[in-house]
Amino acid sequence: MGRWGERFFGGDSDFDEASYISEDAGIELFYYEADKHDAEHPMGGKGLEATRDHLNNSVLNRLFEKYSAEKSENLFYGKPLRLVHTAVLAMRVGATIEPNTQILFPLFDTGFRAPMKEQFEVALVHYKNDGTPYDLFADRCKGPGCDKANDELEEGVTLKKCGKCQDVSYCSKTCQKGNWPEHKKLCKTPEQRKAEEEARWAGSPFVMLNV
Ligand SMILES: [Zn+2]
Ligand SMILES: [Zn+2]
């Protein structure tokens with residue numbers, strides 16, 4: 001049940017989980033936007049506020065209780081991951097996660113690994129839990145222990161991309177410097193990346209034939 005290398009909603013199984021949990025909740029949780037995907041999803045999107053209110057009306061707590069009592073062997077990815085998915089779906093709409101629920105989350109090794117695990121841990125720290133929806137895919141500062149998104153920065157400060165690779169963002173020079181020992185191993189200009197890619201193909205035993 002490994003989830004190596006994937007982020008949330010990077011694989012079909014996440015959407016299977018999302019629709020399973022949605023059915024349990026009685027409301028579409030992934031495609032929550034009103035009138036969107038109605039044709040494909042029998043429950044349809046009811047909009048962000050309605051979805052959040054529905055979960056806050058003791059539905060979310062019922063799901064957490066149910067899934068934490070489930071026998072792991074009956075589940076595809078196991079109980080821990082279903083609890084995590086439930087939490088993630090709740091965060092997307094800003095539903096209230098009771099502090100005592102957090103002990104249910106499997107922040108130990110259960111096949112729930114980086115980068116999905118890291119993404120979830122960052123979400124738990126940065127989730128405001130005051131009704132503000134959490135954007136799982138927001139750009140975040142890669143500075144050591146920073147993880148701040150644009151809406152968490154001071155007025156007038158915005159994240160800036162690494163000028164060389166354009167792949168990672170930082171909120172300050174301090175964060176950029178702090179991350180450099182790690183980042184320099186991966187940081188390449190688009191031209192360097194292209195050249196490496198071509199060199200890899202050139203060394204391949206397969207030759208393109210002009211037929
Ligand atoms: Zn930072
Ligand atoms: Zn870079």
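Axes are lines fitted to C-alpha atoms, for helices over the stretch in contact, and the angles between their N-to-C directions run from 0 to 180 degrees. The structure described here is a predicted model, in which local features need pLDDT of at least 70, side-chain atom pairs count only at pLDDT 80 or more, and totals for chains, interfaces and linings use all residues. Residues are numbered from 1 along each chain as its sequence is written, and chains are lettered from A and ligands numbered from 1 in the order in which they are written.

The protein has six helices and two strands, taken as DSSP runs numbered from the N terminus (helices: H or I, at least four residues; strands: E, at least two). Read from the N terminus, the order of elements is α-α-α-α-β-β-α-α. Of the 211 residues, 25% count as buried, a term for residues with 20 or more other C-beta atoms within 10 Å of their own, against 12 or fewer for exposed and in between for partly exposed, with C-beta atoms placed from the backbone.

A good place to begin is the pairing of α1 and α2. Their axes come within 10 Å and cross at roughly 120°. That makes α1 oblique to α2 (angles under 35 degrees count as roughly parallel, over 145 as roughly antiparallel, 65 to 115 as roughly perpendicular and the rest as oblique). Ile21, Asp24 and Ala25 of α1 make the contact with Leu55, Val59 and Leu63 of α2, where contact requires C-beta atoms, placed from the backbone, within 7 Å. Helix α2 itself spans residues 48-69 and bends by about 65° at Asn56, the bend being the angle between axes fitted to the seven residues ending there and the seven starting there. Its buried residues are Thr51, Arg52, Leu55, Leu60, Leu63, Phe64 and Tyr67.

The largest nonpolar core (buried Ala, Val, Leu, Ile, Met, Phe, Trp, Tyr and Cys residues joined through C-beta atoms within 7 Å) holds 27 residues, of which Leu29, Ala87, Val88, Leu89 and Ala90 touch the most other members. Two or more residues come from each of α1 (12-25), α2, α3 (79-93) and α4 (116-126), and α3 gives the most, with nine. Beyond its neighbours within four places in sequence, Leu29 is in contact with Ala18, Ile21, Ser22, Thr51 and Leu89.

Helix α3 also contains Leu83, which counts as buried because it has 22 C-beta neighbours inside 10 Å. Leu83 and Tyr67 are 16 residues apart in sequence, with their C-alpha atoms 6.3 Å apart in space.

Methods:
Contact = placed C-beta atoms within 7 Å.
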